[in-house]
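Here's a quick tour of a protein model for someone meeting it for the first time. Have a look at the structure, then read on.

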Amino acid sequence: CASSPGLAAREPSWAASPGYASWRTSSAEPPRRRSPAPGRRRGGGGTVLLAPGQLVLALAAKVESPYRNREHLCGINSWVTEALHQLGVVGVCPRGICDLAIEGRKILGAALFRRRNILFYQSSLLVCCELTLFGRYLQHPTREPDYRSQRPHAEFCTTLAEQGYGLSPEQVAGALRPIVTRQLALPGMGI
């Protein structure tokens with residue numbers, strides 16, 4: 001699957017939440033020049049590997065309440081579910097705290113950062129990326145949602161392509177863009 005600049009990563013990179021480091025440092029790691037570029041991100045969750053074939057959604061908005069984090073995560077994730085449904089993707093459901101899954105396998109992970117009434121949401125949707133990269137660069141997380149059941153990355157995660165949907169990140173972004181625009185125009189983002 002192809003992706004254009006600005007919508008998805010061109011080279012693998014990772015971003016770790018503060019105080020959470022789970023990237024590999026073993027001798028099996030490829031040479032540094034070929035390893036993902038390190039970065040930091042705001043919000044919860046573990047280390048995130050971004051690679052070609054993923055769609056990243058980052059959203060900043062002013063909200064009335066400094067609370068309701070779970071409602072905001074679930075609400076924004078429902079926008080992604082709506083876009084996927086419009087594209088014919090079925091069986092997407094919320095799992096864990098802030099994931100979306102198909103048949104118990106993760107397709108989207110999200111995190112939220114809050115500063116008073118400012119909300120920063122970020123998520124990564126696995127459209128058609130190479131899942132073997134996760135096992136290559138990331139260790140098994142120290143904390144995991146119950147539905148992961150100790151499965152390694154390649155068994156826990158799936159992509160839309162692996163589920164039989166021949167979509168590109170651009171197609172998903174095209175379906176998602178009007179939904180996000182509509183929801184941001186509503187009081188309280190419609191949540």
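## A first look inside

Buried residues account for 45% of the 191 residues in this protein, and what you're looking at is a predicted model. Its secondary structure adds up to 4 helices and 7 strands. Walk along the sequence and you meet them in the pattern β-β-β-α-β-β-β-β-α-α-α. What about contacts between residues at least 6 apart in sequence? Of these, 72% join residues at least 24 apart.

Now for the nonpolar interior. The largest nonpolar core has 35 residues, and those with the most contacts inside it are Val 80, Leu 84, Ile 107, Tyr 121, Leu 125 and Leu 160. At least two residues of this core come from each of strand 3, helix 1 (69–86), strand 5 (99–102), strand 6 (105–115), strand 7 and helix 4 (169–184). A separate core of 13 residues lies apart from it, with Leu 126, Leu 133, Tyr 137 and Cys 157 among its members.

Which residues does Leu 84 touch, leaving aside its neighbours within four places in sequence? They are Val 89, Val 92, Ile 107, Leu 125, Leu 160 and Val 172.

There's some empty space in here too. The count comes to 2 cavities of 30 Å³ or more, and the largest cavity holds about 40 Å³. Its lining is made up of Leu 55, Val 56, Leu 57, Val 80, Leu 108, Ser 123, Leu 125 and Leu 176. Strand 3 (54–62) and strand 7 (118–126) are the elements that give two or more residues to that lining, and strand 3 gives the most, with 3 residues. Here is how the lining of the largest cavity divides by residue class:

| Class of lining residue | Number in the largest cavity |
|---|---|
| Nonpolar | 7 residues |
| Polar | 1 residue |
| Charged | no residues |

One lining residue, Ser 123, deserves a closer look. Ser 123 sits in strand 7. Is Ser 123 buried or exposed? Ser 123 counts as buried because its relative accessible area is 6%, and the cut-off for buried is under 20%. The side chain of Ser 123 makes a polar contact of 3.2 Å with the side chain of Tyr 121. Tyr 121 is also listed among the residues with the most contacts inside the largest nonpolar core.

Leaving aside neighbours within four places in sequence, Ser 123 is in contact with Leu 55, Val 56, Leu 57, Leu 108, Gly 109 and Ala 110. Leu 55, Val 56, Leu 57 and Leu 108 also help line the largest cavity.

Conventions:
Residues numbered from 1 in each chain as written. Predicted model: local features only at pLDDT ≥ 70, side-chain atom pairs only at ≥ 80, totals over all residues. Heavy atoms only, no water. 1 Å grid on protein atoms, 1.4 Å probe; cavity = no way out; pocket = protein on both sides within 12 Å on 5 of 7 lines; lining within 4 Å. Points joined across faces, edges and corners; volume = space filled by probe spheres on them. Nonpolar A, V, L, I, M, F, W, Y, C, P; charged D, E, K, R; others polar. Core = buried A, V, L, I, M, F, W, Y, C linked by side-chain atoms within 4.5 Å. Buried < 20%, exposed > 50% of the residue type's maximum accessible area, 1.4 Å probe, protein only. Contact = heavy atoms within 4.5 Å. Polar contact = N/O pair within 3.5 Å; in protein donor to acceptor, adjacent residues only side chain to side chain.
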